[in-house]
Amino acid sequence: MRTLRAWFSRAAGLFQKERRDRELADEIESNLRMHIDDNVRAGMTPAEARRQALLKFGSVESAKESYRDQRGIPLLETLWQDVHFGLRMLRKSASFTIVAVLTLALGVGANATVFSWVRALLLNPLPGVVAANHVVALETLTPDGSWEPTSYLDFRDLRDNCKLVEAMSVTKPMALAVGDRESVERVWGEAVSGNFFEMLGIEPALGRFFSTGEVDQQQSAHPLLIISHSYWVSHYHADPGVIGASVRINHFPYTVIGVAPEEFHGSMPGLSFDAWVPATMYGQLASTGDNTLLDRKWRTFRVLARLAPGVSIGEARAEVESHAKDLARDDASTNEGMSATLLPMWESHYGIQGSMLGPLSILMTACGLVLLIVCANLANLELARATARQKEFVLRLALGASRSRLIRQFLTECSLVAAAGSLGGIAIASWLKGTLAWFLPRSSVPALGHVPVDIGVLFFAITLAFAVALVAGLATALRVAGRKADEMLKTGGRASSSAHSNRLRGLLATSEMALAVVAMISAGLLLESFRNVSKIRPGFDAPHVAVAQLDLSAASYNAQQANNFYQRLQQKLERQPGVNAVSYADYVPLSFSRGSWEKLQIRGYIPAPSEDMDIYRSLISPGYFNLMKISIFEGRDFRSSDDMDAPPVLIVNQEFVRRFIGRGTAVGRQVHGWGNWFTIVGVVADSKVFRLTEPPVPYFYAPMRQIYRPEMGLVFFVRTEGSDNGAISMLQNEARAADPTIPVFDVMSLNDEISVSLFTQRISAGLVSVLGGVALLLAALGLFGVMAYSVAQRTNEIGIRIALGAQRKHVFAMVLGQGTRVALLGIAIGTLAAWAVTRLMIGALYGVMPSDPLTFCAVSLLLLAVALLASYVPARRAMSVDPMVALKYE
Amino acid sequence: MTAAKSDVRQGTLALMVLKTLQTMGALHGYGIARRIEQTSGNRLAVNYGTLYPALLKLQQDGYISSEWGVSDNNRKAKYYKLTRAGHKQVEKEVGEWEQTNAILARFLAPDQETQ
């Protein structure tokens, strides 16, 4: 209590200083007078009385000083003085301040941005979820060890038997056709268990969530809908009356019962969903019927689990594995050899974090490099400024400032720079926050492109800025204050005393050069990979082809109706001017999804015991190969007569023939799939399916008219003579006109669609090149700073040299040589470091060795050129030093 | 400062000031200093550089209060006096000081422990 009171009173002492100072002066004056009076009374002469009194009193100023310290809070007051003085000093050397703050902001901004991405995708993949580190993914394992979704019955058995798992819920991402006859919109949602929200610990923003009993019992009995906050805002203008509203989903009426909180985007990292329906409604919405949930082979659900308190994922995993083993034994007909495991969310195979892991780690490393350069640059700037201010420091030490006070002053200035730098960094980060969407792979589910710059990112940015600024400043401060004042006075803080600091600055410039070399070589290798990958021919002809995806699941067509629709739309499109060819299929090659496969049995081929006979395929219409310009080597294309009534047929690619048929003709061979025997009628050229960098994969095509799945995708391909844009709008309009209740989405040119296949290379090469450029710029700035400063410092010496007859071109060469030495050393070190580091990125490279000599040479030469450029201007200045001016200057 | 006089030991000045004010009632800084020196039989020299901050600290702690008044010989002076909390504090500190003294005395008494 007393202490608190005292502090209050001291804090009050910070104000009204003048009044308080006057009062103290008055008190001292009155006490002195009384003392003099006493002395006079004791018989001294007035002069002697005054002298004795003053003598007795001691130093008035020192009394005042210690009084002031007790009155206020000295640390706070000097801090305030330091800040004040620091701001003035920073204003005085504006160019230093601007460069330092910009450099810092750049480094902090880049790192904060990447940090916010990493956090959103990997560290905090499920925003809004309570104790998210206890939420894990359950995945089914096939006998050969690949992962699969889980069947509803397996999920129920595991949920009921696993005791170390507190709660389990299925989730199934679904495209829902929401709307009425006039307009139907595709909305991405999840079919979830009744306890889904409860398990995640999420409270509704409005209304209520599902209750367990309500949705887990009967199938197709609870047409209830929960919408996302953003959907609520965009479609209902945040009207609270939305609860109870009726919405048609795939033509079935549903009732809105709740709105999810704003930060919640569903259960897949990096993706955002807008609707949730009970899992028991899945059969109805997917038109697969009620059996879907009662068939152990229908492995279609993701499963999320929350670990019981105090249980590690390892313990729970062991329990899940043992129960999965029981299932494999008890339900051998469906589950033989199957197992299940638990994975942390960031290792889960769903969501986009997996494809971002590689690019993000490369990106983080590059950002770290840039940050190191920023650090070196800042240290360099600080050092230069400290040397320039040596006179000031000497003077202050001589006037009695303590070393700690000097250091504090210096660090206060660093902190001011850090504060400005973190503000700038945060501004850059919030400006860049939307760019994540641009870099994410384009998946059919909308990606969570908007990563908020929240408290965590702010904290990260500020901490980073202060850490960098203080690390850069502290070494300098200690060096400055470590000097002996008399030593510094002797040299007068003149340039010659700072040979040591010059060496340090040269060292910093060298390391900046080295780091820039590493960054640039990495960028060069990634660029070369990108160039190599984009040179790969996909095996089909993408330009002038537009594609449109249609969602038939809402239309509840049977096979015949679906076929009629395809033909109607095809004919409509073919009648449009400028259209050369129209075709349709269920899959776009080289797009983000992997498409579907079928387990095949090939007559005359005996697979090895563990051989994977799941062969990927496309369902296509006649004319597809012609449109895509994929040549038919053998046999024929599909015909419109290859329909339900005709014998089933297949077309395979060359790799399929190489692997399963070998020599001899493939046409006429029998292949078993979809419970039926098919005859191969043609062989086509290999083309890329999943990635441009893949080796040829065995692949086959079946006529869409013979295979119909209600849930399959439908893609229309149109080859035109004109622009892609014209084709895109035409496709959009015609598809709408053919059946307004069928949602059309992702209408774009095939070129754009397959650019996804370049994604990894594009994002890595693009971002790392930008960061490499930043690194180069900073390193060049650093070297320029060192050289310019060194010339300015040596003006005197250069003047004497010239006065004594040194040739100007020799002076020029001397300065240039000094810069080149720094650069060459940096390049040598950087090349060695890069040689060690680039081997780690081998997974991200294509068609280029990690130690590619061309890249190494090119980058070294580039850096050398930049270094020469950076030393050129200072060297020119040195050459033009006027000896008279230089000598007079001192 | 003359060699014969010693400075006031750290931490004891506050108690001396409080005790002085308790005995003398309201008093100005000069008076407090003189009184302490007199009481000590002129063996102590009060340094104003320590006295003023000490007075300020006691004020901040709420043990004394100050007020401008007029001295005996008609000079304007700042008078200090004990507050209610100050009176209590004197009793408390005196008690503590005596206890400390008693303990110290036992330590300093020659060879007491060995006997």
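I began with I606(A), which is exposed because just 7 other C-beta atoms lie within 10 Å. The cut-offs I used, with C-beta atoms placed from the backbone, are these: 20 or more other C-beta atoms within 10 Å make a residue buried, 12 or fewer make it exposed, and anything in between makes it partly exposed.

This is a predicted model, in which local features need pLDDT of at least 70, side-chain atom pairs count only at pLDDT 80 or more, and totals for chains, interfaces and linings use all residues. Residues are numbered from 1 along each chain as its sequence is written, while chains are lettered from A and ligands numbered from 1 in the order in which they are written.

**The β15–β16 loop**

I placed I606(A) in the loop of chain A between β15 (601–602) and β16 (614–620). Helices (H or I, at least four residues) and strands (E, at least two) are DSSP runs, numbered from the N terminus. From I606(A) to F660(A) I noted 8.7 Å, C-alpha to C-alpha, with their positions 54 residues apart in sequence. D612(A) lies in the loop between β15 and β16 of chain A. D612(A) counts as exposed because it has 12 C-beta neighbours inside 10 Å. Its C-alpha atom is separated by 9.5 Å from that of L600(A), 12 residues apart along the chain.

**Chain A overall**

I looked up the confidence: pLDDT, the predictor's confidence in each residue from 0 to 100, averages 83 in chain A, and 91% of the residues score at least 70. Residues 493–497 of chain A are below 50, and this stretch has eight contacts in the model beyond near neighbours in sequence. A contact is two residues whose C-beta atoms, placed from the backbone, lie within 7 Å.

I then read off 30 helices and 23 strands for chain A. Of its 890 residues, 44% count as buried. Among contacts in chain A with a separation of 6 or more, 82% are between residues 24 or more positions apart.

**Strand β9(A)**

Which residues of β9 (residues 275–278) of chain A point which way? A275(A) and V277(A) point one way, W276(A) and P278(A) the other, and all are buried. Two strands pair if DSSP finds at least two bridges between them. β9(A) runs parallel to β4 (residues 184–192) of chain A, joined by four bridges, and here W276(A) is the bridge partner of E190(A). With β6 (residues 224–227) of chain A the pairing is antiparallel over two bridges; I226(A) stands opposite W276(A).

**Helix α7(A)**

In α7 (residues 152–161) of chain A, I listed Y152(A), D154(A), F155(A), L158(A) and R159(A) as the buried residues. They sit on the same side of α7(A) because they cover an arc of only 155 degrees around the axis, the arc being that of the directions from the helix axis to the C-beta atoms. They pack against β1 (135–141), β3 (165–179), β10 (302–307), α12 (313–330) and β11 (339–344) of chain A.

**Chain B**

I found 19 residues of chain B in contact with 21 residues of chain A. On the chain B side, α2 (29–39), α3 (48–61) and β5 (76–82) each supply at least two residues, and α3(B) gives the most, with eight.

Chain B also has an open sheet of three strands, in the order β2-β5-β4 with antiparallel pairing. Its edge strands are β2 (27–28) and β4 (64–70) of chain B. Seven bridges join β4(B) to β5(B), and G69(B) has A77(B) as its bridge partner in β5(B).
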